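Colleague: I am new to this structure and would be grateful for a close look at a single part. Please take the salt bridges, and place them in the setting of the whole chain.

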Amino acid sequence: MARNYINSFAQINDGIVNYIVPEGGILDKSNRILTANNLRGQLGFDKKYGRHDISAMAGTEIRATKDNGYQERYYGYNSNNLSIGRVDYTHQYPSFIGGGGTFIQNNDRLSETATRFVSQFANAAYTYDDRYVVSASARRDANNLFGLKTNDQWNPFWSAGIAWKLSNERFFDVGFIPYLNLRATYGFSGNIDPSMVAVNTVIYQSNVSTFTGLPTAQFNNYFNPNLKWETSKMLNLALDFRIKDNRLSGSIEYYHKKGENLFGVASLDYTTGIPPSTLRNVASMQGNGLDIELKSLNIDKAFKWSTTLNFSLYQDKTTDYLLSRTLARDYISTSTVPISGIEGHPVYAIYAYKWAGLDPNTGEAQGYLDGEVSKAYSSITGTGTAVEDLEYFGSAIPTKFGSLINTMSYKNFSLQIGLTFKFGYWLRRSSINYTNLFNSWRGHSDYEQRWQ
């Protein structure tokens with residue numbers, strides 16, 4: 001690389017070679033230092049008055065991080081005596097091969113990022129007669145990445161819950177169930193993205209303008225005054241139980257989660273002069289799930305054997321999406337599954353072009369274009385197919401999943417055997433690619449079924 005770069009700027013006059021970029025090595029160096037400071041203060045209270053039990057805590061936390069970095073390039077580097085050469089970054093020089101004018105690349109960079117975070121939090125729980133529990137927690141977070149006004153930087157989050165220890169009631173007289181607890185919680189939380197900024201920030205580029213001969217600079221981040229915290233609301237309803245001698249215990253929990261103002265990269269008005277893709281609040285979604293956990297103690301002697309079963313059901317859907325994509329190819333990928341963004345469908349979903357079978361005469365694959373059977377592949381996979389023309393299959397992530405774990409132990413030895421499972425979803429597997437077969441002889445077993 002160094003030899004080629006030096007020679008590309010070389011100039012020959014009367015048989016004498018003049019090296020604009022000095023001979024020797026090209027040394028690139030970079031360094032980065034991250035400094036973080038945290039300060040946390042907390043007070044706790046725990047007291048029992050007869051049948052009343054109160055537990056509470058409150059505190060504040062401050063965190064500041066500063067990320068400093070630099071990189072630089074040395075031309076004409078000699079590792080024996082640590083000498084370097086000098087170059088002129090302000091003038092263009094003709095390329096040795098093509099003759100076009102080019103600036104010598106300057107890799108000098110300086111960067112500094114400061115992030116500050118403040119949080120105030122409190123949590124309290126009240127229990128009466130070891131039967132009824134009421135709890136609440138709240139926190140107020142602020143970050144310097146949001147807005148220039150103090151009120152825009154703060155965001156309150158909270159959660160509340162209740163529990164009823166049904167097994168402690170006098171009327172509950174089920175001997176083989178010593179513990180039964182009902183609980184419910186509702187919470188509101190938020191999230192930020194570290195790439196956000198409260199003001200427009202500039203990164204100076206060392207490349208000089210071909211028109212003015214002066215160094216150029218450009219915005220690296222653009223402040224979006226409408227940017228909000230990404231928020232999440234979640235409801236949990238659960239039942240905890242335990243059978244006598246802990247032979248069987250577990251929990252059944254239902255949850256409903258709703259996410260709003262979710263972050264995504266989206267286009268702004270082109271007349272703003274801002275690049276077409278920037279971070280915005282672009283989507284909302286909601287999901288429902290059921291988690292079941294069962295633990296059994298099968299043998300409890302010198303030799304012990306226990307089993308744990310976890311089983312979950314999950315479904316989600318997009319409720320709002322600001323990004324508009326009309327081409328079908330934007331929803332189909334052979335490597336990663338893109339976010340569908342179609343309201344009412346799962347966040348990650350599998351779509352495919354509609355299949356019209358094989359041509360009985362030639363064996364070529366057939367699809368649909370404007371409702372008619374077609375082999376115009378470039379149009380089918382290009383602008384000729386809209387998302388409405390695709391076939392929708394279902395979620396690309398499992399909707400049913402879990403694990404079954406058996407643990408056996410004897411004295412100081414233990415053995416654990418686990419099985420994980422997931423189903424209720426779709427995937428797109430690879431198949432024969434005739435371009436790869438023709439160019440590089442990379443085949444696939446589906447080639448055997450090419451006429452089917």
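Modeller: The account below begins with the chain as a whole, turns to the salt bridges, and ends with the surface patches.

The model is predicted. Its chain contains four helices and 22 strands. The radius of gyration is 32 Å, whereas a compact globule of 452 residues would have one near 22 Å. The C-alpha trace extends over about 110 × 75 × 55 Å along the principal axes of the chain. Of the 452 residues, 27% count as buried. As an illustration of distance within the chain, Ala125 and Phe401 are separated by 276 residues in sequence and by 34 Å in space, from C-alpha to C-alpha. Ala125 has its place in strand β7, which covers residues 109–128. With a relative accessible area of 24%, Ala125 is partly exposed.

I now come to the salt bridges. Side chains of opposite charge can pair when their charged atoms come close. A search of the whole structure yields 15 salt bridges. Three of the pairs are described here in turn.

One of them is formed by Arg40 and Glu61, whose closest N and O atoms are 3.3 Å apart. Arg40 belongs to strand β3 (residues 25–49) and Glu61 to strand β4 (residues 52–77), so this pair ties together parts that are 21 residues apart in sequence. Glu61 counts as buried because its relative accessibility is 17%, and the limit for that class is under 20%.

Another pair consists of Arg429 and Asp446, whose side chains meet in a salt bridge at 3.1 Å, N to O. This pair links distant parts of the chain, 17 residues apart: Arg429 is in the loop between β22 (413–423) and α4 (434–440), while Asp446 is in the segment after α4. The two partners fall into opposite classes of accessibility. Arg429 counts as exposed, at 57% relative accessibility, whereas Asp446 is buried, with a relative accessible area of 13%.

Salt bridges with shared partners also join Asp129, Arg131 and Glu169 into one network. Within this network, Arg131 forms a salt bridge with Asp129, and their closest N and O atoms are 2.8 Å apart. Arg131 counts as buried, at 8% relative accessibility. Its partner Asp129 is partly exposed, with a relative accessible area of 22%.

What remains is the surface, where residues without a salt bridge form patches. Which residues make up the negative patch? They are Asp370, Glu372, Glu388 and Asp389. Of this group, Glu388 lies in the loop between α3 (377–380) and β20 (391–395). Glu388 counts as exposed because its relative accessibility is 62%, and the class begins at over 50%.

A nonpolar patch is also present on the surface, formed by Phe45, Tyr49, Ile54, Tyr126, Val134 and Ile162. Together these residues have about 550 Å² of accessible area. Ile54, one of the members of this patch, lies in strand β4, the strand that also holds Glu61. Ile54 is partly exposed, with a relative accessible area of 31%.

Notes:
Residues are numbered from 1 along each chain as its sequence is written. This is a predicted model: local features need pLDDT of at least 70, side-chain atom pairs count only at pLDDT 80 or more; totals for chains, interfaces and linings use all residues. Side-chain values use heavy atoms; hydrogens and water are left out. Patches are made of residues with over 30% relative accessible area and no salt bridge: like charges are joined within 9 Å, nonpolar side chains (Val, Leu, Ile, Met, Phe, Trp, Tyr) within 5 Å. Accessible areas come from the Shrake-Rupley method with a 1.4 Å probe; for residues, only the protein chains shown count as cover. A salt bridge is a side-chain nitrogen of Lys or Arg within 4 Å of a carboxyl oxygen of Asp or Glu. Lys and Arg count as positive and Asp and Glu as negative; His and the chain ends are not counted. The place of a charge is taken as NZ of Lys, CZ of Arg, CG of Asp or CD of Glu. Helices (H or I, at least four residues) and strands (E, at least two) are DSSP runs, numbered from the N terminus. Buried means under 20% relative accessible area, exposed over 50%, partly exposed in between (1.4 Å probe, protein chains only). The radius of gyration is taken over C-alpha atoms; the globule rule is 2.2 Å times the number of residues to the power 0.38.
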